[in-house]
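The report below follows the annotated membrane segments of two chains and then turns to the surroundings of two short helices.

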Amino acid sequence: MRNKKILIPSILVALLLIFAFFSPYLTPYNVSEQNLMISRQAPSFAHIMGTDIYGRDMFSRVIAASRISIFSALAVVLLMAITGVVIGIFCGYLSGIADTVLMRVSDIFLAFPGLVLAIATAGLFKNGILGAVIALASVGWPRYARLSRGLVLSTKTSTYIYAAKLSGSNTVQIVFTQILPNIIGQIIVTACLDIGTSLMELAALSFLGLGATPPTPEWGSMINESRSLLQLSPWITLSPGIAVFITVSVFNIFGESLRDYYQAK
Amino acid sequence: MYKYIFKRLLSLIPILIGISFISFALIYFTGGDAVAVRYEAIGGVLSPELISQKREELGLNRPFIIQYIDWLLGVLKGDMGISYVSGKPVFIYILSKLPNTLLLSATSLIVTILISLPLGILSAIKSDGIFDHIIKTVSFIGNSLPNFFVALVLSYILALRLKLLPVISQGTGIKSLILPTLTLSLAMSAKYIRQIRALVISELSKPYVIGARARGIKENTIIFFNVLRLTSLTIITLMALSFGSLLGGSAIVENIFMWDGIGKLAIESINLRDYPVILAYVLWMAFIYVFVNLLADISYYFLDPRLRLGGKNEK
């Protein structure tokens, strides 16, 4: 029963990722082909999301943008989780001055309103989507550092760690074979719950012109581009928004079911 | 009481210094050449000799740490430099936009509480009923919608279709405030309804509630006088923490509705590479966030008798 609850969201996420990966080959129309004869057409059977101001098929454009939108969100989560976990394990396991210093640094990062710092950082990098990914990851790592440090501290004094030490394992071996496998579940759950938020924040940065910029196909910047047409042709603006909503929903359902599964375990 | 506040204030000093250091370093290492940007903004082109002369004049050739300390001492005196673009002192410039952002944040927070508290409690009391399921679904949807998209949908429906409200803020009147407030509070409410629901459900199963029920005290009395009072601590913590995302969110919403606050100024400054203003923006927002969290901590004192009597906050 419990497995079933997590099976469907997992399949959905897997399908979404495969779809996003191959998205450039899956568009029904050519993404960049302009046809001013069919400019700003309302949704129809031929164009289920309508066409934009240049007559490009919106559905194709939304599909084409899924790769960058989804994989850059995954990159944010991966980057901040790995940085945070490395620092967290280092601090938790070794303690001492390095621990104190790094934890004070993470305190300071946590004292910033996250998105504010990310907006400024992304704006200063001015490096397209990569700048936005780095900005969000550099703001997000302290949460992972805190989490993994706490988890390490609670497993550090377990008898099996002592046993590993007695049997002659060195620190690196203990971290990789004993500590990491024990704390990784909790971290993966947190990371999965963060994917949706990261996707929305990345889209927000691109929407503000601080992330992906045209011609890079990305949902946030597509919404920004067509904002002025909201009154005349709302479908151009709403279609990428709906794509964000569906994708974030899928990741959120997946994250929550994973959390429930893990908690029940 | 005062001793506690004093201690909290002292502990803030290293955090505030750290915040200022990180903000300054961020601009210092990622920002371009200040002199070039400044004259570009005015529209002039300078020869390399003149640029290096100007750099000398402005003290930009000094080591990083000296520049930082110099800048920090200035900030303490209320001098945050001069905007490259407008030529106005940044401190006063930001201060003039601050009330609008704080007004928007405050109204959003109030509306969020007005929406999420009753719905969260109701959802908890009737948990697993039809109402609860509807609320759950709606808040899930709200959690998966980016706020800039909500802003556009709301302005499409309320402003462009029904023509009830202006699309773009005209001044800072109530009518202009409705759409940005609604956008920010809908997104936050979706999150809070779920958290308040979970909080109230866990509180309702505690022994004191069962005891009160056994003594025949009305359910409403228990909820309003006991449960609400005890959960208010956690709710205040949540609100204080979310003030940070509110400040970030307001940058987005202010830009969509052209609300004349700090967030709109920040994005304009980023596009114009007006570094002193960007730096001041980050610094002000962080200070406000830290201050709001301090206020939340102090408010525990009034709400939690255990703390007042010298015990520890167990929440």
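In chain A, an unreviewed UniProt entry places the feature "transmembrane region" at residues 6-27, 68-95, 115-139 and 232-255. The model shown here is predicted, and the geometry of some of these annotated spans can be read from it. For chain B, the UniProt annotation "transmembrane region", also from an unreviewed entry, covers residues 9-29, 102-125, 137-158, 164-187, 233-258 and 278-303. The table sets out helix content, strand content and end-to-end C-alpha separation for spans from both chains.

| Span | Helix | Strand | Distance between end C-alpha atoms |
|---|---|---|---|
| Chain A, residues 115-139 | 92% | 0% | 8 Å |
| Chain A, residues 232-255 | 92% | 0% | 37 Å |
| Chain B, residues 102-125 | 100% | 0% | 34 Å |
| Chain B, residues 233-258 | 96% | 0% | 35 Å |

Residues 115-139 of chain A are 92% helix, with end C-alpha atoms 8 Å apart, whereas residues 232-255 of chain A, also 92% helix, have end C-alpha atoms 37 Å apart.

Two helices of chain B differ in how they are covered. Helix α9 of chain B, residues 207-214, is hardly covered, and the count of buried residues among its eight residues is zero; α9(B) is followed by B:G216, which has a positive phi near 85°. Helix α11 of chain B, residues 262-272, is mostly covered, with eight of its 11 residues buried. The buried residues in α11(B) are B:I262, B:G263, B:K264, B:L265, B:A266, B:I267, B:S269 and B:I270. Just after α11(B) comes B:R273, whose phi is positive at about 55°.

What do the buried residues of α11(B) pack against? Their partners are α4 (114-125) of chain A and, within chain B, α5 (90-125), α10 (219-257) and α12 (275-303), and a residue of α10(B) gives a closer view of this packing. B:A251 lies in helix α10 of chain B, and B:A251 counts as buried because 26 other C-beta atoms lie within 10 Å, where 20 or more are required. Leaving aside residues up to four places away in sequence, B:A251 touches A:V116 and A:I119 of chain A as well as B:G263, B:A266 and B:I267 of chain B. The C-alpha atoms of B:A251 and B:G263 are separated by 3.7 Å, although these two residues stand 12 residues apart along the chain. B:G263, B:A266 and B:I267 are also among the buried residues of α11(B).

Notes. Residues are numbered from 1 along each chain as its sequence is written. Chains are lettered from A and ligands numbered from 1 in the order in which they are written. This is a predicted model: local features need pLDDT of at least 70, side-chain atom pairs count only at pLDDT 80 or more; totals for chains, interfaces and linings use all residues. UniProt positions are given in the numbering used here, feature names are shortened, and annotations may be inferred rather than shown by experiment. Helices (H or I, at least four residues) and strands (E, at least two) are DSSP runs, numbered from the N terminus. A residue is buried if 20 or more other C-beta atoms lie within 10 Å of its own, exposed if 12 or fewer, and partly exposed in between; C-beta atoms are placed from the backbone. Two residues are in contact if their C-beta atoms, placed from the backbone, lie within 7 Å.
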